[in-house]
Amino acid sequence: MASGMAGMASSSLVLAKLYDLLGDNDYVGEPVSLTQHALQSAFHARRVGLDDDVVLAALLHDVGHVVGLRDTLAQMENVGTWNHEAVGAQFLASLGLSKKTCELVERHVDAKRWLVGRDEVYLSRLTDASKTTLRHQGGAMTNQEERRLFEASECFRDALRLRRIDELAKDTQGEAHDRAERDGFEAYVAMIDDAVARAKGAGTSGGAESAPLCEDDVQAFEKDGFVLKRGFFDESETAQLRRWISDLERTTPAAGRHMVYYEGDTSADARMICRTENFLPFHVGLRKLLTGSDVKGDASDEVEAVLQGVDELSETRRGRLANAVEQLLGERCVVFKEKVNYKLVGGGGFPAHQDAPAYAAFGQRRHLTALIAVDDMTVSNGCLEIARGEHTRGVLAQHPVHRGVADDVAATLDFEHVTMRPGDVLLFHSMLPHRSGPNVSSHARRALYITYNGASDGDFRSQYYAEKRARFPQSCERVAGVDYSEGAKVYNLATPITS
């Protein structure tokens, strides 16, 4: 599987050349090559939304085997380089990869040993090749002090995920195999270069992080119904977010998972993706970025299942966005719902509406939505338009068809365009009237919306999506002949969604 290497930076060039030269060798007794295993591992890491440092650890966790072939290092019988985890971590550190990536590469064998020591069923499911390497790697981790130290490490949970990904990435057909063949090593060149640049700049700033919002922001939100924070996410965070949303956009709809909705022609060949919802249980990175750990990973996911019964305290730190929301709500927040509106080129607009009428089923007092710009949001591609200060009027008269604001009422409102750059955040009240025009530009206008409520009003996210899935399901879950129009009155309020 050759790589096109023109224009690569030095670290990615070294890695690409290494895999070009030796990556077609068999992967230590498994039915795939070293390169195929690496690319399938990275695919699975991206699928569940792990951050770039973990994705690169997945891609490169067995680079020690490749280095071992290059340097003719000591081998474990016929199943790879002895101590390949340390060889790989040292090699990646020399190329400037992050401490987190290198630590995960070095500890992925410990994760295997920890799991074997915990679960005999896990041991029975290992391949013959993996059982052979286990003998050379110290066997099951049974020493209590060794287990305690590993469990206390910052990389523990991601190392377990990486171990599960390692086992999944051995397919000779199917989606992971096909994506690996199609994407190739080139798909990770920019990620490698960005990670090396980011690692070089790590540690240059210090001190305690201040509150995300100032008192003027809080007062503006109460008065205007919104507050706009430009550059809320830095360049690195925004680049990561854009990659996650691109991956989400390409995710194949499946029953019981993300909920994907379309606009335009309802035929499968002509429709355009409009929205994805209910992705937090299936996306580690977005859960960490956007929630206060109130949304849990889906236990049925084949990667997340490895964490069942594992203490979750290491992932309960609240993100900066959740902290900002809590400043405005005046209490701890929980996620009520989440969505990405893609508004691709030619995508339709959203008529004037308030969000509150769609959120009324559970008797909660107030909701607040954070809009995160993924792409530039401009007038021509249909940026949000808001009616400043009109959140105090309560629920406005509704349009009889799309259930947004009635036309005669909307005509009295003074809407203003809110143009945004990627990484900007707009926090707005659920009673604030807003709308957006169609995308008549040549660029997509993807935006991420996370709606929160105060914890004192209860956590109804799971119930909300269970009811929406039953009353207004995505296309792949709809039953022929069933009328979903009543559900659409609640769950498809003022959108261009047609299926």
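**Cores and helix packing in a predicted model**

Leaving aside neighbours within four places in sequence, F91 is in contact with V14, L15, L18, V63, V67 and R70. I begin with that residue as a way into the interior. Please keep in mind throughout that this is a predicted model.

F91 belongs to the largest nonpolar core, which has 62 residues. Together with F91, the residues with the most contacts inside that core are L15, L59, V63, L92 and L97. Two of the contacts of F91 that I have just named, L15 and V63, are on that list. There is also a second, separate core, of 39 residues, and it includes F233, I245, Y262 and V335.

I turn now to the packing of helices, beginning with α3. Helix α3 covers residues 52–60, and helix α12 covers residues 189–201. Their axes come within 10 Å and cross at roughly 120°. An angle of that value falls outside the 65 to 115 range for roughly perpendicular and is not over 145, so the pair counts as oblique. The crossing of α3 and α12 is left-handed. On the α3 side, the contact is made by D52, D53, V55, L56 and L59, and on the α12 side by M191, I192, A195 and R198. By residue type, this contact of α3 with α12 has six nonpolar, no polar and three charged residues. L59, which takes part here, is also among the residues with the most contacts in the largest core.

Helix α3 has a further partner in α6. The axes of α3 and α6 come within 8 Å and cross at roughly 40°. This arrangement, too, is oblique. Here, however, the crossing is right-handed. From α3, the residues D53, V54, L56, A57 and L60 meet K100, T101, L104 and V105 of α6. The contact of α3 with α6 divides into six nonpolar residues, one polar and two charged. D53 and L56 appear in the contact with α12 and again in the contact with α6.

What, then, does α6 meet in helix α10? Helix α6 spans residues 99–118 and α10 spans residues 156–168; their axes come within 8 Å and cross at roughly 70°. The two helices are therefore roughly perpendicular to each other. From α6, the contact draws on K100, L104, R107, H108, A111, K112, W114 and L115. From α10, it draws on F156, D158, A159, L160, L162, R163 and D166. The residues of this contact of α6 with α10 are eight nonpolar, one polar and six charged. K100 and L104 of α6 thus take part in the contact with α10, as they do in the contact with α3.

Both α6 and α10 also figure in the surroundings of helix α8, residues 128–136. The buried residues of α8 are A129, S130, T132, T133 and L134. What covers them includes α6, α10 and α7, the last being residues 120–125. After α8 comes G138, whose phi is positive, near 105°.

I close with two individual residues. Is H44, in helix α2 (residues 34–47), buried or exposed? H44 is buried, because its relative accessible area is 5%, under the 20% limit. Not counting residues up to four places away in sequence, H44 touches I165, L168, A169, A176 and E302. S10, in helix α1 (residues 10–22), is exposed, with a relative accessible area of 56%. Its C-alpha atom is separated by 52 Å from that of E467, which lies 457 residues away along the chain.

Methods. Residues are numbered from 1 along each chain as its sequence is written. This is a predicted model: local features need pLDDT of at least 70, side-chain atom pairs count only at pLDDT 80 or more; totals for chains, interfaces and linings use all residues. Side-chain values use heavy atoms; hydrogens and water are left out. A nonpolar core is a set of buried Ala, Val, Leu, Ile, Met, Phe, Trp, Tyr and Cys residues joined through side-chain atoms within 4.5 Å. Buried means under 20% relative accessible area, exposed over 50%, partly exposed in between (1.4 Å probe, protein chains only). Contact means heavy atoms within 4.5 Å. Axes are lines fitted to C-alpha atoms, for helices over the stretch in contact, and angles run from 0 to 180 degrees between N-to-C directions. Helices (H or I, at least four residues) and strands (E, at least two) are DSSP runs, numbered from the N terminus. Angles under 35 degrees count as roughly parallel, over 145 as roughly antiparallel, 65 to 115 as roughly perpendicular and the rest as oblique. A crossing is left-handed if the near helix is turned anticlockwise from the far one by less than a right angle, and right-handed if clockwise. Ala, Val, Leu, Ile, Met, Phe, Trp, Tyr, Cys and Pro count as nonpolar, Asp, Glu, Lys and Arg as charged, and the others, Gly among them, as polar.
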